[in-house]
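Good morning, everyone, and thank you for making time for this. Please have the sequence and the model open while I talk, so that you can follow each residue as I name it.

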Amino acid sequence: ISISELELIANNPEKLQYLQSQVTYHARETIEDVVYLYFANDEKRAADFDMQLEDTALPIASNYLKNIITEILDNACKFSEAGTPIRMRTRIVDNHLNIDIVDKGRGMKPEQIKQIGLFKQFERDKHEQQGMGLGLAIVKRTVELHGGTVGFKSKVGIGCHVRITL
């Protein structure tokens, strides 16, 4: 449903303009809410989160920002062991907010990063995975519709670094 909604918005100039006119006034608070409400308690990983977050207003509705952070952190929690750090940093650079999320999980191969898309899961035959493989595609499309970028750096067995720029 989410990906369909995003594509409908992308193809409707009025809806796209409205989407891009929305603002989250306190990005740090929104990100902290996601961590504390959805992950720190549910995943029993409160001690794993290392956050240094700058606050700013962002041209994105808070529900979309929450979805982006939720999807990335869900993967970080799924693909790293409890007790390993998940580092989050936000930094304002040239009037953009960089959101960096780094885990010490199993990582991804360069060819896997290039293949991120709809219904794409990697090594499902080797690792139990919940979901349908839509999370990263939804993140990428949401960020793109807001004029931002998503970048991935990863090494198998070392971890993954996701940078979202809005």
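In this predicted model, let us begin with helix 4, residues 62–78, and helix 6, residues 135–145, whose axes come within 9 Å and cross at roughly 145°. I give you both values because two packed helices are described by the angle between their axes and the distance between the axes. The crossing in which helix 4 passes helix 6 is left-handed.

Which residues make the contact? From helix 4 they are Y64, I68, E71, I72 and N75, and from helix 6 they are G135, L136, V139, T142 and V143. Sorted by character, the residues of this contact divide into six nonpolar, three polar and one charged.

Staying with helix 4 for a moment, we can check its length, since 17 residues at 1.5 Å a residue should span 24 Å, and the C-alpha atoms at its ends are indeed 24 Å apart, which agrees. The buried residues of helix 4 are Y64, L65, I68, I69, I72, L73, N75, A76 and C77, and you will recall that Y64, I68, I72 and N75 are also among the residues that touch helix 6.

Just after helix 6, I would like you to find H146, which lies in the loop between helix 6 and strand 4, residues 149–155. Is H146 buried or exposed? Its relative accessible area is 11%, and because buried means under 20%, H146 counts as buried. Leaving aside residues up to four places away in sequence, H146 touches L19, P59, I60, Y64 and L166, and Y64 is a residue of helix 4 that we have already met in the contact with helix 6. H146 and Q22 are 124 residues apart in sequence, yet their C-alpha atoms are 9.8 Å apart in space.

Now let us turn to the strands. Strand 2, residues 86–93, pairs with strand 3 in the antiparallel sense over eight bridges, and I99 of strand 3 is the bridge partner of T90. These two strands form a hairpin with two residues between them, and D94 in the turn has a positive phi of about 50°. Strand 3 also pairs with strand 5, residues 159–165, again in the antiparallel sense, over six bridges, with R163 of strand 5 as the bridge partner of D100.

Finally, how many of the eight residues of strand 3 are buried? Seven of them are, so strand 3, residues 96–103, is largely enclosed by the rest of the structure.

Notes:
Residues numbered from 1 in each chain as written. Predicted model: local features only at pLDDT ≥ 70, side-chain atom pairs only at ≥ 80, totals over all residues. Heavy atoms only, no water. Axes fitted to C-alpha atoms, helices over the stretch in contact; angles between N-to-C directions. Helix = DSSP H or I, 4+ residues; strand = E, 2+ residues; numbered from the N terminus. Left-handed = near helix turned anticlockwise from the far one by under 90°. Contact = heavy atoms within 4.5 Å. Nonpolar A, V, L, I, M, F, W, Y, C, P; charged D, E, K, R; others polar. Expected span 1.5 Å × (residues − 1). Buried < 20%, exposed > 50% of the residue type's maximum accessible area, 1.4 Å probe, protein only. Pairing = 2+ DSSP bridges.
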